[in-house]
Amino acid sequence: MEIFNDLSTYKSTTKTFVTIGTFDGVHIGHQKVLKNLIKNAKSNNAAPLLLTFFPHPRMVLEKDKEIKLINTIDERISLLKKTGLKFLIIQKFTKEYANKTALNFVKNILVDKLNISKLIIGYDHQFGKDREGNFSQLKEYGQQFNFTVEEISQLNIDSITVSSTKIRKAIEKGKIEKANSYLGYNFMITGEVVKGKNLGEKIGFPTANLNVSETYKLIPKTGAYIVKSEIENDTIFGMMNIGYRPTVSGKHQTIEIHFFDFNKNLYGANIQVEVLKFLRDEQNFNSIENLKNQLQKDKQKSLKYINGLLFD
């Protein structure tokens, strides 16, 4: 997959089959669109291309709404690399860009810049200034500029339409298994392991403290979770706590992971943690001993769940 960080850097005479969108989450609905795009392009000797945007348009147009994203931009790229796309263009989204009319966008970008042959979009896609462009208008422009347009129907699970917004809400509520079923993979958190206060080590539960530098990354609600990570080509399971550590008078939110049967130094390493299941809400214990006892219970519950994953 070739990646271009701006439309101005994209140069190709190859005819393209294009889809457009922020694709936050690259969830199973997005995957349906991309699968269709890639299959169609291949059978027509065209290159499948995704035009995506960063920052998220809502970050730019609705600054009073501090939206958090399912994926960092690097996580999104990593997921898209697995799809079979030929070209990925990550266009910086600005207010100036948002002011392009639908006609301007189609003529100057899709036709002149991307050499479009076919446009494949999701069922609710709108574009252009004030979201004036819709499927019917795109079909008219397609006839005018000699490209075809196909709309992919919505994807439902248990009669619920899959969307990035619904996945975000599920993650915010700790409904990780539901979110993962909509994503088609395990929700992930990526960050650098930094030094903590070593309190976990003192009670027999050493932790890797994860620093997520991207402030726009969605973090699940406070509480304990079952997780796994790929470290030096090994799958390591563990449990993660997101919270303020009220038992030890913590002042700011931390993300701490205790990996099972693992004792290597991870300081400075960038790791990705897959979140599998919510265990319990964060609690304030009367003593360190009570905290230790609860952590032991959490560990046993986690191991039982992990054994079910591995041996069912």
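**Close-up views of a predicted model**

**View 1. A surface patch that includes L309.** In this predicted model, L309 has a relative accessible area of 45% and is therefore classed as partly exposed, since that class lies between the limits of 20% and 50%. The residue belongs to helix α10, which covers residues 288-311. Together with L310 and F311, L309 forms a nonpolar patch on the surface, and the accessible area of these three residues taken together is about 350 Å².

**View 2. The surroundings of K118 in strand β5.** K118 is found in strand β5, which comprises residues 116-122, and with a relative accessibility of 14% this lysine counts as buried, because the limit for that class is under 20%. The side chain of K118 makes a polar contact of 3.1 Å with the side chain of N40, and a polar contact of 2.9 Å joins the side chain of K118 to that of E150. When neighbours within four places in sequence are left aside, the residues in contact with K118 are T16, F17, V18, N40, F147, T148 and E150, so that N40 and E150, the partners in the polar contacts, also appear in this list.

**View 3. The aromatic pair of F53 and F93.** A pair of aromatic rings is described by the distance of the centres and the angle of the planes. Across the whole structure, a search finds 9 aromatic pairs. One of these is formed by F53 and F93, whose rings are arranged edge-to-face, with 5.8 Å from centre to centre and 80° between the planes. Because F53 lies in strand β3 (residues 47-54), whereas F93 lies in the loop between β4 (87-92) and α4 (95-98), the pair ties together parts that are 40 residues apart in sequence. F53 counts as buried at 9% relative accessibility, and F93 is likewise buried, with a relative accessible area of 10%.

**View 4. The aromatic pair of F259 and F262, with D261.** F259 and F262 form an edge-to-face aromatic pair, with a centre-to-centre distance of 5.8 Å and an angle of 70° between the planes. F259 is buried at 4% relative accessibility, and F262 is also buried, with a relative accessible area of 19%. D261 is located in the loop between β13 (254-259) and β14 (270-280), and, in contrast to the buried F259 and F262, D261 counts as exposed at 78% relative accessibility. The phi of D261 is near 50°, which is a positive value in a residue other than glycine.

**View 5. A cluster of rings.** Ring pairs link three aromatic residues, F4, Y10 and F87, into a cluster.

**View 6. Backbone features at N45 and P55.** Most residues other than glycine have a negative phi, and most peptide bonds are trans. N45, which is not a glycine, has a positive phi of about 55°. This asparagine is placed in the loop between α1 (28-43) and β3, and with a relative accessible area of 69% N45 is classed as exposed, since the limit for that class is over 50%. The peptide bond that joins F54 and P55 is cis, with an omega of about 0°. P55 itself lies in the loop between β3 and α2 (57-61).

Notes:
Residues numbered from 1 in each chain as written. Heavy atoms only, no water. Helix = DSSP H or I, 4+ residues; strand = E, 2+ residues; numbered from the N terminus. Buried < 20%, exposed > 50% of the residue type's maximum accessible area, 1.4 Å probe, protein only. Polar contact = N/O pair within 3.5 Å; in protein donor to acceptor, adjacent residues only side chain to side chain. Contact = heavy atoms within 4.5 Å. Patch = residues over 30% accessible without salt bridge, like charges linked within 9 Å, V, L, I, M, F, W, Y side chains within 5 Å. Areas by Shrake-Rupley, 256 points an atom, 1.4 Å probe, with all protein chains shown as cover. Salt bridge = Lys/Arg side-chain N within 4 Å of Asp/Glu carboxyl O. Phe/Tyr/Trp six-rings, centres within 6.5 Å; stacked < 30°, edge-to-face > 60°.
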